[in-house]
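These are notes for a colleague who is opening this structure for the first time. Please read them alongside the sequence and the model.

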Amino acid sequence: MTKDGVQGVVEEADQAPSKKGLKKQQKEAEKAAKKAEKQAKLSADQQSTDDDDFAKDRYGVPPMVQSQQKLDRGLVRVQELTPEKAGQLIWVRARIHTSRAKGKQCFLVLRQQQFNVQALVAVGERASKQMVKFAANINKESIVDVEAVVKKVEQTIESCSQQDVELHIERIFVISQAEPRLPLQLEDCVRPEGEGDEDGRATVNQDTRLDNRVIDLRTTTSQAIFRLQSGVCQLFRDTLTNKGFVEIQTPKIISAASEGGANVFTVSYFKTSAYLAQSPQLYKQMCICADFDKVFCVGPVFRAEDSNTHRHLTEFVGLDIELAFNYHYHEVIESITDTMVQIFKGLRDKFQTEIQTVGKQYPSEPFKFLEPTLRLEYSEGVAMLREAGVEMGDEEDLSTPNEKLLGRLVKEKYDTDFYVLDKYPLAVRPFYTMPDPNDKKYSNSYDMFMRGEEILSGAQRIHDAQLLTERAMHHNIDLEKIKSYIDSFRYGAPPHGGGGIGLERVCMLYLGLHNVRQTSMFPRDPKRLTP
């Protein structure tokens, strides 16, 4: 064999796929073959060889929607399907939630967000047996367009949100086909806590849910949670706008740690380093100094805390408030608590459907609040805890178990899930917190609690450049890095205060849920950076 021949054999050997590579190719080929087989089956059902398929134009898989045409066809929302529409021929686009073939008919449940309706395809004048078979073979979670007659039902359909009507399908077309194998089943995701354990049915753990978040977000519970969360933001904005506040947008890349602590994410910033903002604190205050008087913002907040608890995230949505006051920082507390009360009232009055939907899977007591809001001093809270057997110092910060215990004690005594704890020890607050003029151990600062967990931390801010400098030095903060912040108080600043609220915590605690990841659409924590 020539030298070139030997080299060619060696090259061919190098290019020959490995056993592992061959196995992978074989698996991919099998997968493609299965997919092609499924598609062929649907096409075969559609183009039935049976010449008597009089309904062949009434079902099938049309070409992919690529905006080829504009159809003059209105689509009715599932939630609008009521007995008043009985007898009407309508079009609906929805997902196949479940399907059950029985003889010459097939029952489907069509789902659209948190609403669903029963539908029936039955052999008759408008549907052939091939059409029924086609409908029965559509993969769950596929999106379909159906033309159907709305029919009143004699017996309530308990398993659907639309309980008084069903759809009698005359046409059905698959608009987007889901793969036959889903990573999790939606009915397993909405099973009430503990129910699956009792009868051996599957339940889905949190990591599996979050790994397949797009499907988990389709459940009625998730749909309700995030619609209610949207309501919290809307009520927050509307209430503050009506109070004369201005919405602002603040930088998230900053030159110094905004809270004065070490729990910041450092990012490369050209030839130097910067930090992701722990809060919009400094900028809110600068806007007050710039005579905006009352401001709020809604935006991401970053905390580099290695906390893997039920209520900590490394990125969350902050609802932040800052306002100038006239004589006493309690004016600020009253403005914030009234805003929270308006949010609670709005949720109670406008989101009962969502609250009840979540309650089916995660039962909890209705959220209670007082008007005006209960305000206790920190020393009173410590006294209540000591009375309950807790040993703690006057200037010691509240631990999470003590927060929860105090929440239970307050609920028992005052029958409220929402209250304010005022006059925190100065030692446990950030550098810009105004000291209490009557007792230097304490400060003009406060936290707000829902169901025994903190949702807001706030205070009167120091608006005097000299005192602010002294407090920053006391906290060992590099003055050069916060020079522009301190300088903003040198030209006259009104007394002011505010606070930051965690949106996800508010939703979690209002609904009585057990983990903040349930109310974070795509949560970020020390162990999760995807999806």
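1. Confidence. This is a predicted model, and its protein chain has a mean pLDDT of 91, with 92% of the residues at 70 or more. Residues 9–14 have a pLDDT below 50, and this stretch makes one contact in the model beyond near neighbours in sequence. Where pLDDT is low, the predicted coordinates should not be read in detail.

2. The eight-stranded sheet. Eight strands make up an open sheet with mixed pairing, in the order 7-11-12-17-16-15-14-13. Its edges are strand 7 (246–247) and strand 13 (374–377), each of which pairs on one side only. At the strand 13 edge, the neighbour is strand 14 (residues 418–422); the two run parallel and are joined by four bridges. One residue to look up here is Arg375, whose bridge partner in strand 14 is Val420.

3. A helix across the sheet. Which strands does helix 9 lie across? Helix 9, residues 281–289, lies across strand 11 (294–302), strand 12 (315–324) and strand 17 (496–502). Its angle to strand 12 is about 25°.

4. The loop with His312. Strand 11 and strand 12 are linked by a loop that contains His312. His312 and Val516 are 204 residues apart along the chain, yet their C-alpha atoms are separated by 7.2 Å. Besides Val516, and leaving aside neighbours within four places in sequence, His312 is in contact with Glu305, Ser307, Arg505 and Arg517.

5. The three-stranded sheet. A further open sheet has three strands in the order 8-10-9, with antiparallel pairing. Strand 8 (253–254) and strand 9 (266–269) are the edge strands, and each pairs on one side only. Strand 8 is paired with strand 10 (residues 272–276) over two bridges, in the antiparallel sense. Within that pairing, Ile253 has Leu276 of strand 10 as its bridge partner.

6. The second largest pocket. This pocket has a volume of about 960 Å³. It is lined by 34 residues, and those closest to its centre are Asn116, Ser159, Cys160, Val190 and Thr220. Two or more lining residues come from each of strand 2 (89–102), strand 3 (105–112), strand 4 (115–122), helix 4 (186–189), helix 8 (220–242) and helix 11 (352–361). Helix 11 gives the most, with five residues. By class, the lining divides into eight nonpolar, 17 polar and nine charged residues.

7. Cavities. How many cavities of 30 Å³ or more does the structure hold? There are two. The largest cavity has about 40 Å³ of space, and its lining consists of His97, Lys140, Glu141, Leu182, Gln185, Leu186 and Glu187. That lining has two nonpolar, two polar and three charged residues.

8. The second largest cavity. Its volume is about 30 Å³. The lining residues are Thr250, Pro251, Lys252, Ala277, Gln278, Ser279, Pro280, Pro300 and Val301. Five of the residues in this lining are nonpolar, three are polar and one is charged.

Note on methods: Residues numbered from 1 in each chain as written. Predicted model: local features only at pLDDT ≥ 70, side-chain atom pairs only at ≥ 80, totals over all residues. Heavy atoms only, no water. 1 Å grid on protein atoms, 1.4 Å probe; cavity = no way out; pocket = protein on both sides within 12 Å on 5 of 7 lines; lining within 4 Å. Points joined across faces, edges and corners; volume = space filled by probe spheres on them. Nonpolar A, V, L, I, M, F, W, Y, C, P; charged D, E, K, R; others polar. Pairing = 2+ DSSP bridges. Contact = heavy atoms within 4.5 Å. Axes fitted to C-alpha atoms, helices over the stretch in contact; angles between N-to-C directions. pLDDT = per-residue confidence, 0-100.
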